[in-house]
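Hi,

Here is the structure I promised to pass on. Have a look at it first, and then read my notes below.

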Amino acid sequence: MATNGANGVCDSRPIFFFDIDNCLYSKACNIHDEMQTLINKFFVKHLDLKSEDAHMLHQKYYKEYGLAIEGLTRHHRIDPLVFNYEVDDALPLDNILKPDPELRKLLENLDTTKVKPWLLTNAYVSHAKRVVKLLGIEDLFEGVTYCDYGNLPLVCKPSQDMYAKAEKEAGAPSTDQCYFVDEPDDSHLNCVHAHARGWTTVHLVEPGTPMPHKPASKYTISSLYELPGIFPHAFKQQRENGGA
């Protein structure tokens, strides 16, 4: 999987951006909860806080900046790569995630002559690559735009700078040629800001997850497998379903 954008060859394909965590795998995997635990431990350890205070500060930074590490770097001079090592890289993903044949089949059905599949995440590149490799789909994306923990100041969703970075790296022909699928834990603001930019956004809300009071996107789905019905032009013809 490449990590850079256009290589000078003219490519007018629209970009189909996918978030990674709780989007390419189900929330039922509880990776989000595992991550919250590790983040709170990090706050306790490095800021010398009680657990309750660590949780409150963690949530404050997450709501204000879109990433807990953004608040840590702004206000406490924490090295994001240390955070990544003790949080994301410490997640027991090998015990949780496994190849997903159905997801692979869905992504293989994207018509890459018409759209370019691309990953867009607030995680660092090591986490992004680790997840898609464990899911068995790392070869189905043409690149990944990630929050570069090694380059301050951090740029992450929902900042417009992050979307501009994604467009540049993926070689988007224009802002209105960008599609973006994101999940509920952080997608409300992400989708709102991406939509304001001109992107077509899709809010993935799994069954059992509370729906937002105000729709975050033009489209709301309960499963990634609804995407071919919404964007048939982006997928190959389903001959087995059409009998032809």
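**What I found**

The cover over the buried residues of α3 includes α1 (31–47), α2 (51–65) and α4 (80–86). Keep in mind that this is a predicted model. Helix α3 itself spans residues 68–76, and its buried residues are A68, I69, E70, G71, L72 and T73. Just past the end of α3 comes R77, with a positive phi of about 55°.

Stepping back to the whole chain: the protein has 10 helices and six strands. A compact globule of 244 residues would have a radius of gyration near 18 Å, and the protein agrees with that at 18 Å. Along the principal axes, the C-alpha atoms fill a box of roughly 65 × 40 × 35 Å. Of the 244 residues, 47% are buried. If you take the contacts with a separation of 6 or more, 70% of them link residues 24 or more positions apart.

On the outside, the accessible surface is about 12,200 Å², and carbon and sulfur atoms contribute 52% of it. As for charges, there are 25 positive and 34 negative ones, and their mean positions lie 3 Å apart.

Now the sheet. In what order do the six strands sit? They run β3-β2-β1-β4-β5-β6, in an open sheet with parallel pairing. The edges are taken by β3 (144–145) and β6 (219–221); each has a single partner strand, so one side of each has no neighbour in the sheet.

Strand β2 is the one I spent some time on. This strand covers residues 116–120 and is joined to β3 by two bridges, the two running parallel. One pair to click on there is L119 with its bridge partner V144 in β3. Towards β1 (residues 15–18), β2 also pairs in the parallel sense, over four bridges. Here F17 stands opposite W118 of β2.

Is β2 enclosed or open? Five of its five residues are buried, so β2 is largely enclosed by the rest of the structure. The side facing one way carries K116, W118 and L120, while P117 and L119 point the other way; all are buried. That puts a lysine, K116, among the buried residues of this strand, much as E70 is one of the buried residues in α3.

Have a look at β2 and α3 when you open the file, and tell me what you think.

Cheers

Notes. Residues numbered from 1 in each chain as written. Predicted model: local features only at pLDDT ≥ 70, side-chain atom pairs only at ≥ 80, totals over all residues. Heavy atoms only, no water. Rg over C-alpha atoms; globule rule 2.2 N^0.38 Å. Buried < 20%, exposed > 50% of the residue type's maximum accessible area, 1.4 Å probe, protein only. Contact = heavy atoms within 4.5 Å. Areas by Shrake-Rupley, 256 points an atom, 1.4 Å probe, with all protein chains shown as cover. Lys, Arg positive; Asp, Glu negative; His and termini not counted. Charge placed at Lys NZ, Arg CZ, Asp CG, Glu CD. Pairing = 2+ DSSP bridges.
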